[in-house]
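Biologist: Please take me through the largest pocket of this model and the parts around it.

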Amino acid sequence: MVKRKQTAGQMAKLSDETRKRLKSRTRLVMAGREPTEQFGFVNTPIYRGSTVLSPDVATLKAHKARFTYGTKGTPTTEALEKAWTELAGAAGTVLAPTGLAAVTLALLTALKSGDHLLVTDSAYSPTRHFCDSILARMGVETTYYDPLLGSGIGALMRPNTTAVLVEAPGSQSFEMQDIPAIAEVAHQHGACVIMDNTWATPLFFPPHERGVDLAIEAGTKYLSGHSDLMLGLVSANPVWWRRLRDTFDAFAMCAGPEDVFLALRGLRTMELRLREAEKQGLELARWFQTRPEVKQVLHPALPDAPGHDIWKRDFSGAAGLFSIILHPCKEAAVDAMLDGLELFGMGYSWGGFESLVIPFDCATYRTATTWNPGGPALRFQVGLEDMEDLQADLEAGFARLRAADA
Ligand SMILES: *Cc1c(COP(=O)(O)O)cnc(C)c1O
């Protein structure tokens, strides 16, 4: 009688069937880990390396080995790529050294000289800089469009329009875009739909299921969760995967091994942190709505906020990043509010454990739409601090604002 050896727990390979039906929290725990290949250790370690030795000349000549050279991937990068591919419902993923590098990689995957590109006026502003400088120099023309036009994007399509970049909610301004509608029109015209999905992550917005061809994530934000690394990811659906991978290989724009390792670590707790960010963010947003200094709260998960209907239809959660518009007051009064804050830091980026605030003015870069919210604008990233402490810090800030505005 043959005794079959059972492999215990996570040392067993998950069947494709099991893998497919996993809920996201289980998926985040299981994805991209192969303890059997790491002597049973739970996590894939940091592989550092350029050269990969070939077992024999035939394998070398055939370029058939699983790993061939540092730029082509290591067990560490492969672990994160596989995990993200599963999470995003993609055909494949590549890693880039920063979120902005991921944006440029996605654009260069879809575009060539002579093409026309449509970019939402609410896009992350360094994305605009890339379009207006490098892409313009390469002979790609960019038209910025009103983020709210939905299927009206058809009117802006030209015979040479090859890509449409969407981002929801808009960077700083939080407009919600009707991505399925835009994707449908773009695909009728044969254009590639590229989305910067950093805010929602695939946990709250499954990009490829909603019609996105290339989805960008600045891993610097919630995948890290700790403000201690920079990373970008681009996932592709089956139509665009080969082209994305070829473009990545041509550039060899690789992420650093420590950053990838830390991102894998962050991945395990990403849903817990995002759910907490959502809860804290909504609590603070609702508190702002009760404040006499605040004119409007731009948070798509609030029922009376702009874009809420689209958020409710297409998204399953909200990040802890949103903006507020203050009633008109002196600029010096806003400065006085910000300068004395003890818990809220002032700095770019977000998605970490610490709360942040920055003043912003979209009017300085918008070209297709007017930004005139009727008062000073502040963007908040809500961290994991106690909500009462955060509100006390802001309460004191509002007192300074009122005193300086008198
Ligand atoms: C931060 C950010 C990026 C760029 O990420 P980096 O890692 O800082 O280069 C891109 N898109 C959005 C929406 C971002 O918030």
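The reply starts with the pocket and then moves to its surroundings.

Modeller: Happy to! One caution: this is a predicted model, so to speak, in which local features need pLDDT of at least 70 and side-chain atom pairs count only at pLDDT 80 or more, while totals for chains, interfaces and linings use all residues. Residues are numbered from 1 along each chain as its sequence is written, and side-chain values use heavy atoms, with hydrogens and water left out.

The largest pocket has a volume of about 580 Å³ (a pocket is an open set of points on a 1 Å grid over the protein atoms alone, where a 1.4 Å probe fits and protein lies on both sides within 12 Å along at least five of seven lines; the volume is the space filled by probe spheres set on the points, which are joined across faces, edges and corners). Its lining counts 34 residues, and Tyr124, Ser171, Lys221, Trp350 and Arg379 are the closest to its centre (lining residues have an atom within 4 Å of a point). Helix 5 (99–110), helix 6 (125–137) and strand 6 (214–218) are the elements giving two or more residues to this lining (DSSP runs numbered from the N terminus: helices are H or I of at least four residues, strands E of at least two). By class, the lining holds 18 nonpolar, 10 polar and 6 charged residues (Asp, Glu, Lys and Arg are charged; Ala, Val, Leu, Ile, Met, Phe, Trp, Tyr, Cys and Pro nonpolar; the others, Gly among them, polar).

Where does the largest pocket lie? Domain 1 (25–266) and domain 2 (270–405) both give residues to its lining, so the pocket lies between them (the bounds come from an automatic or database domain assignment). The centres of the two domains, taken over C-alpha atoms, are separated by 28 Å. Across the boundary, 42 residues of domain 1 are in contact with 41 residues of domain 2 (heavy atoms within 4.5 Å).

Helix 5, one of the lining elements, also packs on helix 9: their axes come within 9 Å and cross at roughly 115° (lines fitted to C-alpha atoms over the stretch in contact, with angles from 0 to 180 degrees between N-to-C directions). Leu105, Leu108, Thr109 and Ala110 of helix 5 meet Arg243, Leu244, Thr247, Phe248 and Phe251 of helix 9. This contact comprises 6 nonpolar, 2 polar and 1 charged residues.
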